[in-house]
Amino acid sequence: MVTRSLVSVVDDDESVRESLPDLLNELGFAVQAFSSAEEFLASDYVDRTQCLLLDIAMPGMSGPDLQLELTQRGQDIPVVFITAHGDERVRPRLLEQGAAECLFKPFSDTALLAALTTALQAG
Amino acid sequence: MDTQFEECAEEIGRLQRCINDLVSLLALPAIWSGGDTSYIGRTVLDALMGMLRLDLLYVRLSFSGGDTSVEMFRIGDLRKQVGWPEEIGELLNRWLGDASKQWPPPTKIRVGVEDMSIIPLRLGLQGEYGMIAAGSQQADFPTQIQTLLLSVAANLTTIGLREAELRNEQSRAAAELDRRVVQRTSELAAANAELRKEIAERTLVEARLRHEETALRRSEARKAAILDSALDCIVTMDHESRITEFNPAAERTFGYRRDEVMGKKLADVIIPPELRAPHRQGLARYLATNEAHVLGLRIETTAMRADGTVFPVELAITRIAFDGAPSFTGYLRDITERKWAEEELRRSETFLAEARRLSSTGGFSKRIATGEIRWSAEVYQMFGLDPAEPLTHERMVSRVHPEDVHAFNEILKQQERGVDYEHDYRLLMPDQTVKYLHVVAHAVCDVDGDLGYFGAVQDVTQRRLADEALAKARSDLAHVTRLTSVGAMTASIAHEVNQPLSGIVTNASTCLRMLAADPPNVAGARETARRTIRDANRASDVITRLRALFSRREATVETMDLNEAAYEVIALSLSELRRHRVILRQEFADDLPPVMGDRIQLQQVILNLVLNASDAMSTVEDRPRRLVISTAAEDDDHVRLMVQDTGVGFDPQSAKRLFEAFYTTKSGGMGIGLSVSRSIIESHHGRLWAVPNDGPGATFAFSIPRTSEAVIRAGVSGPVWTSGVTDTPQIPRKL
């Protein structure tokens, strides 16, 4: 039995937390969903997460804030940002700051798979 | 006022007659000189009968200490009721009894079918010169004046009789003296004694005379009292126009003291210069020809005060009935105030007419019972109808716009209920132009209890067209600012759309993969397909809301729930708020009454307030960016929405300017959002205001009237204008 890679989804949008895990399951990943960065940090999945699907804009701690926090903690988890704000200008900056990929909603399953593959290889 | 004046004039007339009668009585002694006693009796009887309109007058004249007497009487209309004077004599005798022993009391005796009051008056202190008895069937007999006149007549008669008797006695004594001088000197002493006795008696009579004079002075004093207390000015003048009386009212009115003007020419004192010549001519004409133009009439003229000011007076002149050169009494009343009031009335009527002309307002009245309608000239002009032709229902309706005829007739029907009303309708003129009329009518009951209406009709066409132009401009501006607001939210809106789209794509992909598996995961596929549909609906809702905000369409007024409208705005702006890290709290009132308004325009105002609040907090880092949106029903039939932030707030001094166009504190703003918002709220008959919070930030709020019960019930609004060209919110006026 091949161990599935654990992908954690952090998004305040409930419909994302509902739909994305199912797709990730279909794509062959293990999934855990969190509604906020704080919830994720407080959980015991931080160490086990192999890739983080992270929303940028969230109440409280934002996606980039979480990324910075993890780096400071020495948790080098590959991050794929997902955002519904279609501003292309944020992408180069995020990639520069260490993100594996930045997906703009809506994204296709192949784009998601490609991004995760890239992220996990980098990891 | 008139009644009072007439009573006063009547009273003055009565007093005037009394004075005239007194003067006539005082003239009697002059005509008695040399006459005998029966002549005195006859003239007194005739004078009193004439003055007092008595039914019975009886005189008994006694001489020589009561030894002999003469009786006379006059009968007025009594003759019709009783056949013969003897019968009255009989009645009188019965009443008089033996008057020498017992003075008869005033009495009532039955003559024919009516009672007659009789009063006795003594001639002489003890009645030693006889008596006068006066009888009248008048109910109020004797009046004060009648009593006065009778007692003066009795006094004068006594004096006359005494004088006549004295004359007789004197001539008899003289004759006797002559005879005795010629015949016997011895009788001289006796005659002398007789003479002395007569002289003594004469002294007595003179004393009595003095007493009578006192009585006369007393009645003069009464006359003076009348003059003094009269409210009107009483001025008398003689035939040379010299002032002979000037009462206190005249002193007050004209500003002269009586002693200053007595004996002066009337024309020089109280007649304005331009009227002096006519006054002199009138007097001269009257004296020459007896032809009077002003006597006995009430005329309005002017008079002059001591300080030279001229004022309007009402004047009545009577001639004092007196033998000899004529004299006149003038009664004057200052009518300055009345004239002023009349002038004020005329002026305000003129103002009203002018105001009507300027405001294109006409008046109408209607009697419901008869259907009689009266229009002012302005209404005829509005309808373009000829006032000369009879005003029929058909003629009226012929001008009413066909779409409004039904409502117009409904109003006519409702008039029978007798309630005040306001309504609007259009006229379609023969040249196809449309006029908008606004009618306010007030129900009244006249003195007979008949229902009627008074009303004003205003041609509001110009105002209406201006309103339409204004509404169009407001609507255009609102649209532009809507685009601006929504433009500023582009990123948030994209987020709002992308979120469900992302859900759709993810779910659809999952669904396909589940179906492609072996064996296919049908249950999972069904669930993801369901989520796909849900997210598609969510996206559709967002698009619908966006389309509404972007739309440029006619303003429409509907009954709406402000909570629901606010909720939709919040739903659209949630991402924007989240992006600015704004914490939103909704405090929506339960059971909020519906309001009447244009949903999109009101949502635009709410959106504007929410975005402003969010902007105001964008630089705040030291405290939570908190936004509270609340709704509440107000006491005065209004519904309020408040947006409270913890932002930078505003300077209270610039509170006024906040709502001015192009006033902005934001670098990126145009400064028209709040001014457009206020214009929208005002077009909803509401109010938009801002207050600084106790703590940080500001609160913006608006309140608009709730839908009236009548509108909710009937589902219709007051005005019936439904023409399609308008972009004006159809806000119902007060029903």
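Here are three short exercises, with solutions, on a predicted model.

**Exercise 1. Work out how many residues each chain puts into the A–B contact, and where chain A's share comes from.**

Start with the cut-off: two residues touch if their C-beta atoms, placed from the backbone, lie within 7 Å. Counted that way, chain A gives 20 residues and chain B gives 22 residues. Next, look for the main contributor on the chain A side: helix α1 of chain A (residues 14–27) supplies the largest share, eight residues. Finally, sort the chain A side by type, and you get eight nonpolar, seven charged and five polar residues.

**Exercise 2. Trace how strand β19 of chain B (residues 626–633) pairs with β17(B) and with β20(B).**

Take β17(B) (residues 583–587) to begin with: it runs parallel to β19(B), and five bridges join the two. To find your place there, use Glu587(B), which sits opposite Ser630(B) of β19(B). Now turn to β20(B) (residues 638–645), which is antiparallel to β19(B) and joined to it by seven bridges. Here Ala632(B) has Arg640(B) as its bridge partner. Then check the hairpin linking β19(B) and β20(B): four residues lie between the strands, and Asp637(B) has a positive phi near 60°.

**Exercise 3. In the five-stranded open sheet of chain B, find which strands stand at the edges.**

Write down the strand order, β7-β6-β10-β9-β8, with antiparallel pairing. β7(B) (243–246) and β8(B) (298–304) are at the edges with a single partner strand each, so one side of each has no neighbour in the sheet. On average, neighbouring strands are turned by 30° against each other, direction ignored. For β7(B), the partner is β6(B) (residues 233–237), joined by three bridges, and Thr236(B) stands opposite Glu245(B).

Note on methods:
Residues are numbered from 1 along each chain as its sequence is written. Chains are lettered from A and ligands numbered from 1 in the order in which they are written. This is a predicted model: local features need pLDDT of at least 70, side-chain atom pairs count only at pLDDT 80 or more; totals for chains, interfaces and linings use all residues. Ala, Val, Leu, Ile, Met, Phe, Trp, Tyr, Cys and Pro count as nonpolar, Asp, Glu, Lys and Arg as charged, and the others, Gly among them, as polar. Two strands pair if DSSP finds at least two bridges between them. Axes are lines fitted to C-alpha atoms, for helices over the stretch in contact, and angles run from 0 to 180 degrees between N-to-C directions.
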